[in-house]
Amino acid sequence: MNKPLASFPVELSIVIPLLNEAESLPELTRWIARVLTAQGLSYEVLLIDDGSTDDSWAVIEELAARDAALRGIRFNRNYGKSAALNVGFQAVRGRVVCTMDADLQDSPEELPELYRMITEDKFDLVSGWKQKRYDPLSKTIPTKLFNGATRWISGIPLHDFNCGLKAYDQRVVKSIEVYGEMHRYIPVIAKWNGFRKIGEKVVQHQERKYGVTKFGLERFVYGFLDLASITFVSRFRRRPMHFFGTLGALSFFLGMVMTLWLTGEKVYLSLHNLRARNVTDQPLFFLSLTAVIIGVMLFLSGFLAEMVQLNGSHRNDYLVRDTIK
């Protein structure tokens, strides 16, 4: 149920995952404070140190000692951006939650409008779109391919799934779990959890001022594997037999058709005194046998998955959007 705005400790929470961004943090936090103070918004900034090896945590401690709006969480080692966001989402207290990168490539000037789109236009999620980018081709070309594939599979018409600057209704971040490289697919996860009002806003993108990019081509590969995982789990987590059973039925049916064909051919040739090979001498026999066995194995996998789902403690966890009491 929608809680009144006054019931939230702050209006806006900003979650910033970071890795070795000590040089950027003072300028970034001053910029955020200047923008949000001018707008009269109450806010908190959660800086999630994802195992930095530079002085990032010392900088966070120093900044937090001077600014009560700053909070910090420090990982013992590097777990990745998804882990940092997930921990940040659990800790936020704001009615609206924004995420942004710590490298100063996302502009805090976008935050008030993102906040307005969530609170007044009632979007569940608004994703930034870096229409004009300042990244090298080695990053922009894979990103375009990634966005096209994700758009096609998810049906969500966003141009830039990977933009770090996003805004969420708090209910969205409190109802999802991200891990691996799944932070790129939060709009997809949100949609499949029933948060369908997803918007987009063109945002400024700036050249990196300090440090180096953490983007690597391996993230591109891992990202597509995560997309396949999200697609499968979201659609069949509560009804795995529909997936395994359908494939098993198709394979079993194909195997049986080939078996009947071989048997019928053998009978026909024998009745007409024609020379016929033994069924077991034909490659098709082994193909049909393999198809039948695979079909049975898929059925058994479906039954096992259903039993696991039946005994899972979260099998009846359904998100309730509103209640009337």
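A search of the whole structure finds twelve salt bridges. The model is a predicted one. Side chains of opposite charge can pair when their charged atoms come close. Three of these pairs are set out below, each with its closest N and O atoms.

| Basic residue | Acidic residue | N to O distance |
|---|---|---|
| Lys-81 | Asp-101 | 2.8 Å |
| Arg-116 | Asp-121 | 3.0 Å |
| Arg-171 | Asp-169 | 3.2 Å |

**Salt bridges**

What does the bridge between Lys-81 and Asp-101 tie together? Lys-81 sits in helix H3, and Asp-101 sits in the loop between strand E4 (94–99) and helix H4 (111–119), so the bridge joins parts that are 20 residues apart in sequence. Lys-81 has a relative accessible area of 24%, so it counts as partly exposed. Asp-101 stands at 15%. The cut-off for buried is under 20%, so Asp-101 is buried.

Now take Arg-116 and Asp-121. Arg-116 is partly exposed at 26%. Asp-121 is also partly exposed, at 27%.

Is Asp-169 buried or exposed? Its relative accessibility is 5%, so Asp-169 counts as buried. Its partner Arg-171 is partly exposed, with 21%. This pair belongs to a network of salt bridges that links Arg-95, Asp-124, Asp-169 and Arg-171.

**Cavities**

Next, the enclosed spaces. Rolling a probe the size of a water molecule over the atoms shows where empty space is left. The structure holds two cavities of 30 Å³ or more. The largest has a volume of about 90 Å³. It is lined by 15 residues, and those closest to its centre are Leu-85, Cys-163, Gly-164, Lys-166 and His-183. Which elements give two or more residues to this lining? They are helix H3 (81–91) and strand E6 (166–169). Sorted by class, the lining has seven nonpolar, four polar and four charged residues.

**A nonpolar surface patch**

Last comes the outside. Phe-252, Met-256, Leu-289, Ile-293, Val-296, Met-297, Leu-300 and Phe-303 make a nonpolar surface patch of about 700 Å². Helix H9 (240–271) and helix H10 (283–311) each supply at least two of its residues. Which helix gives the most? H10 does, with six residues. Leu-289 is located in helix H10. Its relative accessibility is 39%, so Leu-289 counts as partly exposed. Patch residues must have over 30% relative accessible area, so Leu-289 passes that cut-off.

Key. Residues numbered from 1 in each chain as written. Predicted model: local features only at pLDDT ≥ 70, side-chain atom pairs only at ≥ 80, totals over all residues. Heavy atoms only, no water. Patch = residues over 30% accessible without salt bridge, like charges linked within 9 Å, V, L, I, M, F, W, Y side chains within 5 Å. Areas by Shrake-Rupley, 256 points an atom, 1.4 Å probe, with all protein chains shown as cover. Salt bridge = Lys/Arg side-chain N within 4 Å of Asp/Glu carboxyl O. Helix = DSSP H or I, 4+ residues; strand = E, 2+ residues; numbered from the N terminus. Buried < 20%, exposed > 50% of the residue type's maximum accessible area, 1.4 Å probe, protein only. 1 Å grid on protein atoms, 1.4 Å probe; cavity = no way out; pocket = protein on both sides within 12 Å on 5 of 7 lines; lining within 4 Å. Points joined across faces, edges and corners; volume = space filled by probe spheres on them. Nonpolar A, V, L, I, M, F, W, Y, C, P; charged D, E, K, R; others polar.
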